Amino acid sequence: MADFGFNISKPQSIDTNDMDVNRLQALEEKVPSFRRCISCGACTATCSAGQFGSFNIRRIHNLYRWDQRKGLEKEMQKCMLCGKCTLVCPRGVNLRSLIIHIRKALADKK
Ligand code: SF4
Ligand code: SF4
């Protein structure tokens, strides 16, 4: 098969009945600016870590939003906390703080 340099993502459905919304609420209390995210992808486009691999910060915080936490703890270790994403976010989301709190919540299994 020809290599076009990209893959088609597998279809994914999320059963929202299984979601623990308390996790998202706890995160939004710690980082209120996260409520303003419009999923534009500017953070991913400028991400330092994303330039060296498949790390995608927008995908990660969207998965966390939808309580899809499997594999996220390992993925989050790729972030260098450089803060570039915070500088470019058009909605003023404090991504650096968001990442720190997501990491902490994942490590604490909360
Ligand atoms: S740049 Fe800001 S608004 Fe856009 S996806 Fe990232 S966090 Fe959300
Ligand atoms: S802080 Fe992390 S997610 Fe944001 S640009 Fe830097 S490496 Fe990417």
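A helix here is a DSSP run of H or I at least four residues long, numbered from the N terminus. With that in hand, let us walk through this structure, which is a predicted model.

A good place to start is ligand 2. Which helix gives the largest share of the shell around ligand 2? That is α6, with 3 residues. Together with α5, helix α6 is one of the elements that give two or more residues to this shell. In total, 14 residues lie around ligand 2, and those that come nearest are Cys47, Ala49, Cys79, Cys82 and Cys85. Sorted by class, the shell holds 10 nonpolar, 2 polar and 2 charged residues.

Now turn to ligand 1. Its surroundings are made of 13 residues, the closest being Cys37, Cys40, Ala42, Cys43 and Cys89. Here the division by class is 9 nonpolar, 2 polar and 2 charged.

From the ligands we can move on to helix α3, which spans 57–65. Four of its residues, Ile57, Ile60, His61 and Tyr64, are buried. They sit on the same side of α3, because they cover an arc of only 90° around the axis. The spacing along the chain makes sense of this pattern: an α-helix has 3.6 residues a turn, so residues three or four places apart point the same way. And what do the buried residues of α3 pack against? Their partners are α2 (42–46), α4, α5 and α6 (95–107). You have already met α5 and α6 as contributors to the shell around ligand 2.

Follow the chain just past α3 and you come to aspartate 67, where phi takes a positive value of about 60°. This is a residue other than glycine, and it belongs to the loop that leads from α3 to α4 (72–76). Is aspartate 67 buried, exposed or partly exposed? It has 16 other C-beta atoms within 10 Å; a residue counts as buried at 20 or more and as exposed at 12 or fewer, so aspartate 67 is partly exposed.

A little further on, the loop between α4 and α5 (84–88) holds leucine 81. Leucine 81 also has a positive phi, about 55°, although it is not a glycine. Its C-beta neighbours inside 10 Å number 13, and therefore leucine 81 counts as partly exposed.

Notes. Residues are numbered from 1 along each chain as its sequence is written. Chains are lettered from A and ligands numbered from 1 in the order in which they are written. This is a predicted model: local features need pLDDT of at least 70, side-chain atom pairs count only at pLDDT 80 or more; totals for chains, interfaces and linings use all residues. A residue is near a molecule or strand if its C-beta atom, placed from the backbone, lies within 6 Å of it. Ala, Val, Leu, Ile, Met, Phe, Trp, Tyr, Cys and Pro count as nonpolar, Asp, Glu, Lys and Arg as charged, and the others, Gly among them, as polar. The arc is that of the directions from the helix axis to the C-beta atoms. Two residues are in contact if their C-beta atoms, placed from the backbone, lie within 7 Å.
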